[in-house]
Amino acid sequence: MNKIALLSGATAILTALSVPAFAQTEISTGADAAGVSEVDDRITDIEDDVIDSFDRSADADRFGPADRRQGLFGSMSLQYSGSTGNSDSQDLAIAGRVSYNQAPFAQSVGLAIEFGENDNGDKDKEEVSAIYDAQYYFNDRFYAFALGRFEIDSLVDGVADYAGDDASDELSDLRRDGFLGFGPGYRVINNDTTTWRIQAGVGVRYTQTGAQHLADDSETETGYIASSRFYHQINDMMFVTNDTDYLGSSDADDVITNELGLNFKMSDQLATRVSYTTEYQENREIRTDNTLGVAVVYGF
């Protein structure tokens, strides 16, 4: 099946704007000392956010697994910084993702580990996060999925360790938060110009607050998930997307999000994406939040 390449111009622009991770340590001699590199890094972060926005809107999985890379592959990264002198601090971040695709079965595992110490040498971050994603395709339209997430914040122990800590936050914040869900999915429409897939399933959520940690307790509840992904090509220069997600459980508030996006490739130099996101959360004072987003990329 032919793929729609409406963002080819935007991709070329973004590629030109991107800087290889290890190409250089500063944009010019003295830039680090003058603070120029710090601003340049922030510019790169903004560009990366725009790239992510365009990549998500293009929905690489809309046609299924036909062109997926096969076999085992992945990446790992590590970042460390430490300082001594007027302050003693350390920060360590490790992240990695491993994927394994074979014929109709695709799965990936991601892991992030972050440790940090503040200027006084006290721990200010100790977090571990892991994700799991899998799909098994029975045919071009029908598939099964599994989604998993688990996060640990070891500094949430229910005890206010420092004068600035809020004891109530320590008791209510989550020390552990995990979710595992699975179910069927179906591609209702799957052609060159329009794709629409829906999926729904049941899951289990595990949580432990700081107060529950002190009491050696935790909570496990049944959760429900449902998602819809719609893509339609209007013409060679424009396509529209609509993404809807629902997350509910037996005890926690239901959450519904919907993002409507309109994407333009105005020319080989200019691409624009306009999105409107609505988030509904049950039982809060103002249940609905709305966000308008605009991403523009121009290359010359």
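## A strand residue and its patch

V188 is found in strand β6. The structure shown is a predicted model. In this model V188 counts as partly exposed, because its relative accessibility is 31% and the partly exposed class runs between 20% and 50%.

V188 also belongs to a nonpolar patch on the surface. The other members of this patch are Y136, F138, F142, Y186, W196 and I198, and the patch covers about 600 Å². Two strands each supply at least two of the patch residues: β6, which spans 174–190, and β7, which spans 194–209.

## Aromatic rings

How many aromatic pairs does the model hold? The count comes to 6. F138 and F142 make up one stacked pair, with ring centres 5.1 Å apart and an angle of 25 degrees between the planes. The pair is called stacked because its planes are under 30 degrees apart.

F138 and F142 are also members of one aromatic cluster, together with F105 and Y136. F138 has a relative accessible area of 48%, so F138 is classed as partly exposed. F142 is likewise partly exposed, at 34% relative accessibility.

## Salt bridges

Side chains of opposite charge can pair when their charged atoms come close. The structure holds 7 salt bridges. One of them joins the side chains of K123 and E126, with 3.0 Å from N to O.

Are the two partners buried or exposed, or in between? K123 is partly exposed, with a relative accessible area of 46%. E126 has a relative accessible area of 19% and is buried, because buried means under 20%.

## A network around D177

Which residues form salt bridges with D177? One partner is R149, where the N to O distance is 3.3 Å. This pair links distant parts of the chain: D177 is in strand β6 and R149 is in strand β5 (residues 142–153), 28 residues apart. Another partner of D177 is R205, with the closest N and O atoms 3.1 Å apart. Since D177 lies in strand β6 and R205 in strand β7, this salt bridge ties together parts that are 28 residues apart in sequence. Salt bridges with shared partners join R149, E151, D177 and R205 into one network.

The accessibility of three network members can be given as well. D177 counts as buried, at 10% relative accessibility. R149 is partly exposed, at 29%, and R205 is partly exposed too, at 25%.

## Confidence in the model

The protein chain has a mean pLDDT of 81, and 83% of its residues reach 70 or more. Where does pLDDT stay under 50? This is the case over residues 1–23. For residues 1–23 the model has 42 contacts beyond four places in sequence. Where pLDDT is low, the predicted coordinates should not be read in detail.

Methods:
Residues numbered from 1 in each chain as written. Predicted model: local features only at pLDDT ≥ 70, side-chain atom pairs only at ≥ 80, totals over all residues. Heavy atoms only, no water. Patch = residues over 30% accessible without salt bridge, like charges linked within 9 Å, V, L, I, M, F, W, Y side chains within 5 Å. Areas by Shrake-Rupley, 256 points an atom, 1.4 Å probe, with all protein chains shown as cover. Salt bridge = Lys/Arg side-chain N within 4 Å of Asp/Glu carboxyl O. Helix = DSSP H or I, 4+ residues; strand = E, 2+ residues; numbered from the N terminus. Buried < 20%, exposed > 50% of the residue type's maximum accessible area, 1.4 Å probe, protein only. Phe/Tyr/Trp six-rings, centres within 6.5 Å; stacked < 30°, edge-to-face > 60°. pLDDT = per-residue confidence, 0-100. Contact = heavy atoms within 4.5 Å.
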